[in-house]
Amino acid sequence: AVVSTQSTGDELFEDIGFPAGKELFASTDGSIDFVEPDVDVYCIHGSDVPTAAGFRWKKKYFPDYQPDQIDGPGDGTVNMRSLELCKEFNRLKDYKVYPGIKYGEHMQILLNPDVINYVKNIITETDAEEKVLNF
């Protein structure tokens with residue numbers, strides 16, 4: 001099995017015949033800083049949908065063959081660790097999780113009637129608050 005971490009990244013790029021990847025990878029160092037938005041946050045996401053958490057290649061299969069996917073918790077696209085980052089926001093107003101594939105999957109959540117009503121209520125309440133403040 002091939003295992004790659006940041007410390008073995010140089011080896012990985014050599015192994016796959018892409019030495020220029022070392023420079024590309026190095027240029028992203030520090031560019032993934034987490035910056036909190038300066039607005040009120042209403043965090044809504046799905047859960048309980050198997051989500052890619054890692055990949056494993058059989059011996060001598062890398063890079064020419066597809067790896068086995070190792071699943072973990074998430075919404076089918078984004079892992080739970082990333083989804084839950086919004087809990088750390090200082091301006092978090094509300095946090096809701098919708099489990100399951102039917103209405104909790106990354107894109108299907110947009111069709112969830114409860115989510116649609118929830119967003120409508122946020123907009124209506126926010127609009128009403130602004131009207132009161134403007135008098």
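User: Buried means under 20% relative accessible area, exposed means over 50%, and partly exposed lies in between. By that rule, is Asp38 buried or exposed?

Analyst: This is a predicted model, and every value here is computed from it. The relative accessibility of Asp38 is 66%. The cut-off for the top class is over 50%. Because 66% passes it, Asp38 counts as exposed.

User: Which salt-bridge partner does Asp38 have, at 3.2 Å from N to O?

Analyst: Asp38 sits in the loop between H2 and E1. The salt bridge joins it to a residue in the loop between H3 and E4, so parts 53 residues apart in sequence are tied together. That partner counts as partly exposed, at 34% relative accessibility. The partner is Arg91.

User: Which residue is linked with Asp38 and Arg91 in a network of salt bridges?

Analyst: Asp38 and Arg91 already meet side chain to side chain. The network of salt bridges has another member besides these two. That member is Asp40.

User: How many salt bridges does the count come to?

Analyst: Side chains of opposite charge can pair when their charged atoms come close. Here a side-chain nitrogen of Lys or Arg must be within 4 Å of a carboxyl oxygen of Asp or Glu. Glu84 and Lys87 pass, with their closest N and O atoms 3.8 Å apart. By this rule, the count is six.

User: How far apart are the closest N and O atoms of Lys22 and Glu14?

Analyst: Lys22 is partly exposed, with a relative accessible area of 27%. Glu14 is partly exposed as well, at 43%. The two form a salt bridge, and their closest N and O atoms are apart by 2.7 Å.

User: What is the order of elements in the protein chain, from the N terminus on?

Analyst: The chain holds five helices and four strands. Write α for a helix and β for a strand. From the N terminus on, the order is α-α-β-β-β-α-β-α-α.

User: Where is Phe18?

Analyst: Phe18 is partly exposed, at 39% relative accessible area. Beyond residues up to four places away in sequence, it touches Phe13 and Leu24. Its place is between helix H1 (9–15) and helix H2 (20–27), in the loop.

User: Which residues form the disulfide?

Analyst: A disulfide is a covalent bond between the sulfur atoms of two cysteines. The structure holds one. Its sulfur atoms are 1.8 Å apart, and the angle about the S-S bond is -75°, a left-handed link. The pair is Cys43 and Cys86.

User: How many residues apart in sequence are the parts that Cys43 and Cys86 tie together?

Analyst: Both cysteines are buried. Cys43 lies in strand E1. Cys86 lies in the loop between helix H3 (80–83) and strand E4 (92–99). The pair therefore ties together parts whose separation, in residues, is 43.

User: Is Ser47 buried or exposed?

Analyst: Ser47 is in strand E1. Leaving aside neighbours within four places in sequence, its contacts include Gly74, Met80 and Tyr98. Its relative accessibility is 6%. That is under the 20% cut-off, so Ser47 counts as buried.

User: Which helix gives the largest share of the largest nonpolar core?

Analyst: In soluble globular proteins, nonpolar side chains tend to be buried together. The largest nonpolar core here has five residues: Tyr98, Ile109, Val115, Tyr118 and Ile122. Three of this core come from one helix, residues 113–133. That helix is H5.

User: Which core residues are in contact with Tyr98, leaving aside its neighbours within four places in sequence?

Analyst: Tyr98 is itself part of the largest nonpolar core. Its contacts also include residues outside that set, among them Ser47 and Asn112. From the core, its contacts include Ile109, Val115 and Tyr118.

User: What phi does Asp48 have?

Analyst: Most residues other than glycine have a negative phi. Asp48 goes against that sign, although it is not a glycine. It is found in the loop between strand E1 (41–47) and strand E2 (51–56), and it is exposed at 58%. Its phi is positive, about 65°.

User: What is the phi of Lys60 near?

Analyst: Lys60 is found in the loop between E2 and strand E3 (68–72). At 76% relative accessibility, it counts as exposed. Its phi is positive too, in a residue other than glycine, and is near 70°.

User: What share of the 135 residues counts as buried?

Analyst: The protein chain exposes about 10,200 Å², and carbon and sulfur atoms supply 54% of that. A residue needs under 20% relative accessible area to count as buried. Of the 135 residues, the buried share is 21%.

Technical notes:
Residues are numbered from 1 along each chain as its sequence is written. This is a predicted model: local features need pLDDT of at least 70, side-chain atom pairs count only at pLDDT 80 or more; totals for chains, interfaces and linings use all residues. Side-chain values use heavy atoms; hydrogens and water are left out. Helices (H or I, at least four residues) and strands (E, at least two) are DSSP runs, numbered from the N terminus. Buried means under 20% relative accessible area, exposed over 50%, partly exposed in between (1.4 Å probe, protein chains only). Contact means heavy atoms within 4.5 Å. A nonpolar core is a set of buried Ala, Val, Leu, Ile, Met, Phe, Trp, Tyr and Cys residues joined through side-chain atoms within 4.5 Å. A disulfide is a pair of cysteine sulfur atoms within 2.5 Å. Accessible areas come from the Shrake-Rupley method with a 1.4 Å probe; for residues, only the protein chains shown count as cover.
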